[in-house]
Amino acid sequence: MFASNLPINKPKMYKLPTIVIQFENEIEAKAIPFFRGAAIASLDEKNILFHNHDEDKLRYSYPLIQYKLIHKKAAVMGVGKGIEVISQLLTAHDFNYQIGNEKVNMRLEAVNAYDNDITLTEDAGFRYRLHNWLPLNSKNYAQYQQAESMVDFVSPTSQANGLSLIKR
């Protein structure tokens, strides 16, 4: 885990709409990739936002559809433009997922929409923590190798990722 205080140059307020599709089913953290694959497989039309890659290219940007656990229960969250396509999961009507070696009938618990206000102020700075975050891709791996320390590399990269989130 990494924490840092970074100043923000321009105070600004952002609206960040999100939607969370929450299932009743509890799954283990290690099953999230299988849950993700099963959710994507249930869709008739595949949108790059669900999996962040096409046949021949990767999408290097903040994930606008995220697969996660909320209170140990499977959930899918849409952020910004991800909200526009996440409804495909609900209209697929096929919640019989193959998660690893197990067939699971996913039961919908709730669908909640949020309109989050995010304010960044110049003088306050902010503290953040990263957990299970991989900042490296083929583009910035060379930059990582040239950095004098992990902090020199991670701080600007994580700040850029955070800012890309609120610009969605």
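## Strand pairing around E4

Two strands pair if DSSP finds at least two bridges between them. In this predicted model, strands E2 and E4 meet that condition, pairing in the antiparallel sense over 6 bridges. Within this pairing, the bridge partner of Ile21 is Val76 in E4. Strand E2 covers residues 12-26, and E4 covers residues 73-79.

E4 also pairs with E3, again in the antiparallel sense and over 6 bridges. Here Lys68 stands opposite Ala75 in E4. How much of E4 is covered? Of its 7 residues, 6 are buried, so the strand is mostly covered under a cut-off of 20% relative accessible area.

## The turn between E3 and E4

Strand E3 (65-70) and strand E4 (73-79) are joined by a loop that contains His71. Lys72 is placed in the loop between E3 and E4 as well. The two strands form a hairpin with 2 residues between them.

Both loop residues have backbone angles to note. Phi of His71 is positive, near 55°, in a residue other than glycine. Lys72 is not a glycine either, and its phi is positive at about 70°. Are these residues buried or exposed? His71 has a relative accessible area of 72% and is exposed. Lys72, at 58% relative accessibility, also counts as exposed.

## Asn25 in strand E2

Asn25 lies in strand E2. With 6% relative accessibility, Asn25 counts as buried because the cut-off for that class is under 20%. What does the side chain of Asn25 reach? One polar contact runs to the backbone oxygen of Asn105, at 3.2 Å. Another runs to the backbone nitrogen of Arg107, at 2.8 Å.

Leaving aside neighbours within four places in sequence, Asn25 is in contact with residues that include Lys72, Lys73 and Ala74. Val104, Asn105, Met106 and Arg107 are also among the contacts of Asn25. Lys72 is thus a residue of the E3-E4 loop that is in contact with Asn25.

## Strands E5 and E6

In a regular strand the side chains alternate between the two faces of the sheet. Strand E5 (residues 96-99) shows such an alternation. Tyr97 and Ile99 point to one face and are buried. Asn96 and Gln98 point to the other face and are not buried.

E5 is joined to strand E6 (residues 102-105) by 4 bridges, and the two strands run antiparallel. Tyr97 stands opposite Val104 in E6. The hairpin of E5 and E6 has 2 residues between the strands, and Gly100 there takes a positive phi near 70°.

## Helix H1 and its cover

Helix H1 spans residues 32-41. Which residues of H1 are buried? They are Ile32, Phe35, Ala38, Ala39 and Ile40.

The elements that cover these buried residues include strands E2, E3, E4 and E5. Helix H2 (48-51) and helix H3 (82-92) are also part of the cover.

## Salt bridges

Side chains of opposite charge can pair when their charged atoms come close. How many salt bridges does the structure hold? There are 4, including the three described here. In one of them, the side chains of Asp117 and Lys15 meet with an N to O distance of 2.7 Å. Asp117 lies in strand E7 (residues 108-120) and Lys15 in strand E2, so this pair ties together parts that are 102 residues apart in sequence. Asp117 is partly exposed, at 45% relative accessibility.

Glu24 forms a salt bridge with Arg107, the closest N and O atoms being 3.1 Å apart. This pair links distant parts of the chain: Glu24 is in strand E2 and Arg107 in the loop between E6 and E7, 83 residues apart. Both residues are partly exposed, Glu24 at 35% relative accessibility and Arg107 at 40%. Lys73 and Glu109 also meet through their side chains in a salt bridge, at 2.7 Å from N to O. Because Lys73 lies in strand E4 and Glu109 in strand E7, the pair ties together parts that are 36 residues apart in sequence. Lys73 is partly exposed at 23% relative accessibility, as is Glu109 at 40%.

Key: Residues are numbered from 1 along each chain as its sequence is written. This is a predicted model: local features need pLDDT of at least 70, side-chain atom pairs count only at pLDDT 80 or more; totals for chains, interfaces and linings use all residues. Side-chain values use heavy atoms; hydrogens and water are left out. Buried means under 20% relative accessible area, exposed over 50%, partly exposed in between (1.4 Å probe, protein chains only). A polar contact is a pair of N or O atoms within 3.5 Å; within protein, one must be able to donate a hydrogen and the other to accept it, and residues adjacent in sequence count only if both atoms are side-chain atoms. Contact means heavy atoms within 4.5 Å.
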